[in-house]
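Biologist: Would you walk me through this model and tell me what stands behind the terms you use?
Modeller: Gladly, let's look at it together.

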Amino acid sequence: MTDKPRILVTRKLPDAVEARLARDYDAKFNTDDTTYDTEKLVELSQDREALLICATDKFPCEVIERLPEGLKAIATFSVGYEHIDVPAANARNIIVTNTPGVLNAATADLTMMIMLGAARRASEGETMIREGRWEAWSPTGMLGIDISGKSLGIYGMGGIGRAVAVRAKGFDMEVHYHNRNRLPSELENGAEFHETPESLLRASHVLSFHAPLTPETRHFLTRERIELLPDRAIVVNTARGDLIVDEDLIAALKSGKLAAAGLDVYPGEPNIHPEYRRLWNTFLLPHMGTSTVETRNAMGFCALDNLDAIFAGRPPPNPLT
Ligand code: DGY
């Protein structure tokens, strides 16, 4: 027996994070990184005081109700927390935390990458090379769209949205945003606020999503809203797949209303809508916005800072309510 807090770690985490866990906690690790189903999660949680989980683990109210009496904390290794019923957990006096801030730069970098990938037909060009189909340089070959000089509409101007805005300015883009609340001018940093999402859409040659998935934002981008975008606009999503109605985005990519889409997230991951793979005007990545060594370590350390505080009787830095 040990007096270290007993924790379940639901996925394989970076070595440096697991080393700190092994030092400071009585940790039950997931050595082969299987994704546990609900029954397994509930079973493995039974003697635990804390859970360190990922966005792939689902904790709706009915799962929260089956967690053990002695459970004090659920720390998610993610900024997004739509996979946890936070009010249900709080009602059971379980503290829930996430990892904001530490992943802003990595996610913003990848946003610019898929924005450019979509605008400049990167998938198509790279595939042409790999398949040995490139025959010659041509003045009219592989024409894409400049992002420079275009307007970028940021839907959700939190830490990631603001990090994207900084990068977009470096690409000479004009930044517009919609957020539940207007930011103070020092955080706006010259970006133009739109009171309504519809006004943002009308102003966006490129629309990029950086909002959390909530009942209000789910399925935000419908056919009707796509119609408000300028013709040949580009849609970029590194936030959550369910912000977009897949069928409506696909129809607009096929009709030519939209020029391209850069996507890192999808409803029902990893089973993405098959049409996306068939469309050449998509640039697709497998949910890797935060996938760098530095950022994944920082996310793990942030989750542990939260747990350390809770077990030391202090308020955690990133509580969710
Ligand atoms: C996040 O932190 O929410 C990323 O999407 C990884 O899950």
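**The ligand and its surroundings**

Modeller: Let me start with His287, which has a polar side-chain atom 2.7 Å from an oxygen atom of the ligand. The model is predicted, so local features need pLDDT of at least 70 and side-chain atom pairs pLDDT 80 or more, while totals for chains, interfaces and linings use all residues. Residues are numbered from 1 along each chain as its sequence is written, and side-chain values use heavy atoms, with hydrogens and water left out.

Biologist: What makes the approach of His287 to the ligand a polar contact?
Modeller: A polar contact is a pair of N or O atoms within 3.5 Å, and the His287 pair lies at 2.7 Å. Arg240 also qualifies, with a side-chain N or O atom 2.7 Å from a ligand oxygen. For Gly80 a backbone N or O atom is involved, at 2.9 Å from an oxygen of the ligand.

Biologist: How do you know how much of the ligand the protein buries?
Modeller: Accessible areas come from the Shrake-Rupley method with a 1.4 Å probe. The ligand taken alone exposes 230 Å², and the protein buries 87% of that.

Biologist: What makes a residue part of the surroundings of the ligand?
Modeller: One of its heavy atoms must lie within 4 Å of the ligand. The residues around the ligand include Ala55, Ser78, Leu103 and Met299. The shell divides into four nonpolar, three polar and one charged; in this scheme Ala, Val, Leu, Ile, Met, Phe, Trp, Tyr, Cys and Pro count as nonpolar, Asp, Glu, Lys and Arg as charged, and the others, Gly among them, as polar.

**The sheets**

Biologist: Why are β8 and β12 said to stand at the edges?
Modeller: Seven strands form an open sheet in the order β8-β7-β6-β9-β10-β11-β12, with parallel pairing. β8 (192-193) and β12 (282-284) each have a single partner strand, so one side of each is left without a neighbour in the sheet. Strands are DSSP runs (E, at least two residues; helices are H or I, at least four), numbered from the N terminus.

Biologist: How do you know that β10 and β11 pair?
Modeller: Pairing asks for at least two DSSP bridges between two strands. β10 (residues 233-237) and β11 (residues 258-263) have five bridges, in the parallel sense, and Ile234 has Ala260 as its bridge partner in β11.

Biologist: What is the order of the six-strand sheet?
Modeller: That open sheet runs β2-β1-β3-β4-β5-β13, and its pairing is mixed. Its edge strands are β2 (26-28) and β13 (319-320), each pairing on one side only.

**Two backbone features**

Biologist: What makes Asn93 stand out?
Modeller: Most residues other than glycine have a negative phi, and most peptide bonds are trans. Asn93 is not a glycine, yet its phi is positive, about 60°. The bond joining Glu269 and Pro270 is cis, with omega about 5°.

Definitions and conventions: Polar contact = N/O pair within 3.5 Å; in protein donor to acceptor, adjacent residues only side chain to side chain.
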